[in-house]
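Trainee: Please take a close look at one part of this model, the charged pairs between its helices, and then set that part in its surroundings.

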Amino acid sequence: MSTVLERLERLPRRNLTVLAIKGLSTLVPGGWQNITRADALIADVLGSSDPELIRQVRARADVLSQARHEGYSRALSLYDAVNRSQKAAGGLRLLANIGGALPLVKRVADLTPTSDSLQAADLSLKVAAEMLAFTQVNGLPGDSFGDFAAALGDYAGEARVRMAALICFDALLPLGDQALQRLDGLLGGLDKRDLHQLPAYAGMARLLPGRGDGAHLTFLRRGIAPWLGWAEGFSSQLGLTGQKAVQALEGTLGPWQGSFKQMATFLDAFTDTYQHTGVQAVARRLVERAAAEI
């Protein structure tokens, strides 16, 4: 099995995903660096380019990454599951022809959005994956809602940009600028049977705490609450809107002539934002720990 740093080094340096993240990162203070080399990440964490120190940190990071009792690989599996499910959901909604809404991708397909309630449920699954990845990396129980809520305020770099992408790509674009205010009501109207309409649920169900659809739906509702409180403040602080997100993306992807919902579906189908920044964030946490143990 690949180590976390090997996964980092397989990330693309330039593709649609990188362009989308780069565009959105202009809305987030501190921005984002697409670090895809282990030595570069270690040097960034250390603030030093000493080759011997970098070698020692990398060796320790690889040991931690491969240790079965550590949660780094399991955290990556959560981001991978979300990514596979996102691609499946996006692909299912490519039904007709958009006639080149984006010049970069000519005549792809009509991007038919899912219902608002199911979109809200899909967002809650991604938030659940984020919380579970956080608990795996930090050695906490899977239902550590309070610890997760407290940690969100400390998110920086790729983790902070990933949360901005989650808000913009999975809430504001498909559900409108009042998405975060509507989210609790949308989730409240879901039945446990609705979960099976989500490709993401099939890939995530075995990773969620609790047994059965009812327990999983309860976990999703409990997990979204602390994230939602933070996300509303974060979104307000940055002045995030669907329009601002599209304008930022146009700076790197080119002009977009479709609807906001179509843009959201396009991003689901053709980018790996969540997985890309997830690998980078897990790699950074791993290197920070390895450096502290040298």
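Mentor: What follows starts with the salt bridges and moves on to a polar contact, the aromatic pairs, the core and the confidence values.

This is a predicted model, in which local features need pLDDT of at least 70 and side-chain atom pairs count only at pLDDT 80 or more, while totals for chains, interfaces and linings use all residues. Residues are numbered from 1 along each chain as its sequence is written, and side-chain values use heavy atoms, with hydrogens and water left out.

A salt bridge is a side-chain nitrogen of Lys or Arg within 4 Å of a carboxyl oxygen of Asp or Glu. By this rule the count is 17. Helices are DSSP runs of H or I with at least four residues, numbered from the N terminus. Buried means under 20% relative accessible area, exposed over 50%, and partly exposed in between, for a 1.4 Å probe and protein chains only.

Take K126 and D170, whose closest N and O atoms are 2.6 Å apart in a salt bridge. K126 lies in helix 6 and D170 in helix 8 (residues 157–175), so this bridge ties together parts 44 residues apart in sequence. Both K126 and D170 are buried. R162 and E130 also meet in a salt bridge, at 2.9 Å from N to O. This pair links distant parts of the chain, with R162 in helix 8 and E130 in helix 6, 32 residues apart. R162 is buried at a relative accessible area of 2%, and E130 is buried at 1%.

Helix 6 (residues 116–138) also holds D116, which is linked to K261 in helix 13 across 145 residues. The closest N and O atoms of the K261–D116 salt bridge are 3.5 Å apart. Here K261 is partly exposed, with a relative accessible area of 32%, and D116 is partly exposed at 23%. Elsewhere, R60, E70, R289 and E293 are linked in a network of salt bridges.

A polar contact is a pair of N or O atoms within 3.5 Å; within protein, one must be able to donate a hydrogen and the other to accept it, and residues adjacent in sequence count only if both atoms are side-chain atoms. The side chains of D80 and Q275 make such a contact at 2.7 Å. D80 lies in helix 5 (residues 72–92) and is buried, with a relative accessible area of 14%.

Rings of Phe, Tyr and Trp (its six-membered ring) pair if their centres lie within 6.5 Å; planes under 30 degrees apart count as stacked, over 60 as edge-to-face and the rest as tilted. The whole structure has 6 aromatic pairs. The rings of W230 and F234 have centres 4.7 Å apart and planes at 15°, so they are stacked. Both residues, W230 and F234, lie in helix 11 (residues 212–238), 4 residues apart.

A nonpolar core is a set of buried Ala, Val, Leu, Ile, Met, Phe, Trp, Tyr and Cys residues joined through side-chain atoms within 4.5 Å. The largest one has 100 residues, and L5, I167, L208 and W227 have the most contacts inside it.

As for confidence, pLDDT is the predictor's confidence in each residue, from 0 to 100. The protein has a mean pLDDT of 88, and 90% of its residues reach 70 or more.

Terms used. Helices (H or I, at least four residues) and strands (E, at least two) are DSSP runs, numbered from the N terminus.
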